[in-house]
Amino acid sequence: KRYSSGMYVRLAFAVAAHLEPEILIVDEVLAVGDAQFQKKCLGKMQDVARGQGRTVLFVSHQMGAVQYLCSRGILLRNGTISRIGDISSIVNEYLGLAAEVTSGFSSQFRQSCGGQSVIEHASLLVCGVPTFNLLNDHPPTLSLRILVREKVPISVECILRGPDAIPICFHPGGLLAGSHHDLEPGRYELSLDLALPELAAGSYSLDLMLAESGLRFLDVIEHALRFEIEPRHQPVSGWAFTQQAAQGTVLIPALHHTPRRLD
């Protein structure tokens with residue numbers, strides 16, 4: 001009787017996975033629980049689908065997990081089936097829907113988490129000015145307007161995604177920096193300075209989350225903020241780092257030393 005919503009989901013998945021059903025339907029189970037639990041879920045579903053030859057119907061907005069686990073996909077729009085096909089084409093079409101909002105804030109991909117606290121709006125600021133076109137040498141400030149309906153420790157988390165929706169990096173505010181806020185019911189503005197890595201020029205998005213650190217998510221919006229990194233040409237070579245499949249999205253800095261002769 002004292003189980004949290006996350007513990008209920010973990011128990012339900014454990015029971016379902018060990019009943020050896022012909023068809024296992026898993027709906028957003030990765031939205032709760034810690035990283036170890038999510039890893040176990042993916043491993044068990046992969047074992048059921050590939051090792052035991054049974055069917056797994058996996059419902060999720062996490063494109064990395066969908067591509068890892070599934071071979072075919074069903075795209076839903078407004079509660080009806082839009083298209084069925086191989087997983088790569090379905091994921092690309094889904095990402096195309098997300099890209100219909102070219103830049104700025106959107107709550108289109110909000111996940112249901114109970115509604116104790118919700119993100120009403122978000123923006124990126126550079127020198128106090130809202131913008132969605134960024135340069136690598138001008139780190140932005142993430143500004144959130146949130147509605148708190150009941151008092152609970154709140155931390156801000158975010159995931160940076162590339163154009164293929166694969167996560168690039170993660171900031172867990174409460175777990176990493178111990179940063180959480182005990183807020184009474186009401187509306188608040190929260191902000192944090194983002195130290196982004198040097199990114200290839202192109203399109204990116206941020207997932208935004210409010211969390212009770214280590215316990216549960218209070219609000220989750222995938223692709224909540226879409227923005228562009230503007231190209232910057234290197235002063236010596238004139239080369240510009242842009243999004244290309246063969247080069248990735250994050251530039252690795254290195255200090256080059258003078259060559260040392262060996263013979």
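**Internal cavities and the geometry of helix 1**

Across the whole structure, two cavities of 30 Å³ or more were found. The structure is a predicted model, and the values reported here are accordingly computed from it.

The largest cavity encloses about 70 Å³ of space. Its lining is formed by Asn136, by the run Glu198, Leu199, Ala200 and Ala201, by Ile229, Glu230, Pro231, Arg232 and Gln234, and by Phe241 and Leu251. Classified by residue type, this lining comprises seven nonpolar, two polar and three charged residues.

For the second largest cavity, the volume is about 50 Å³. Leu134, Leu135, Asn136, His138, Pro139 and Pro140 contribute to its lining, together with Leu196, Pro197 and Ile229. Seven nonpolar and two polar residues make up this lining, with no charged residues. Asn136 and Ile229 are listed in the lining of the largest cavity and also in that of the second largest cavity.

Helix 1 covers residues 5-17, and its 13 residues should span 18 Å at 1.5 Å a residue; the C-alpha atoms at its ends lie 18 Å apart, so the expected and modelled spans agree. Within helix 1, the residues Gly6, Phe13 and Ala17 are buried. Viewed down the helix axis, the buried residues of helix 1 fall within an arc of 25° and therefore line one face of the helix. An α-helix has 3.6 residues a turn, so residues three or four places apart point the same way.

Methods:
Residues numbered from 1 in each chain as written. Predicted model: local features only at pLDDT ≥ 70, side-chain atom pairs only at ≥ 80, totals over all residues. Heavy atoms only, no water. 1 Å grid on protein atoms, 1.4 Å probe; cavity = no way out; pocket = protein on both sides within 12 Å on 5 of 7 lines; lining within 4 Å. Points joined across faces, edges and corners; volume = space filled by probe spheres on them. Nonpolar A, V, L, I, M, F, W, Y, C, P; charged D, E, K, R; others polar. Helix = DSSP H or I, 4+ residues; strand = E, 2+ residues; numbered from the N terminus. Expected span 1.5 Å × (residues − 1). Buried < 20%, exposed > 50% of the residue type's maximum accessible area, 1.4 Å probe, protein only. Arc of directions from axis to C-beta.
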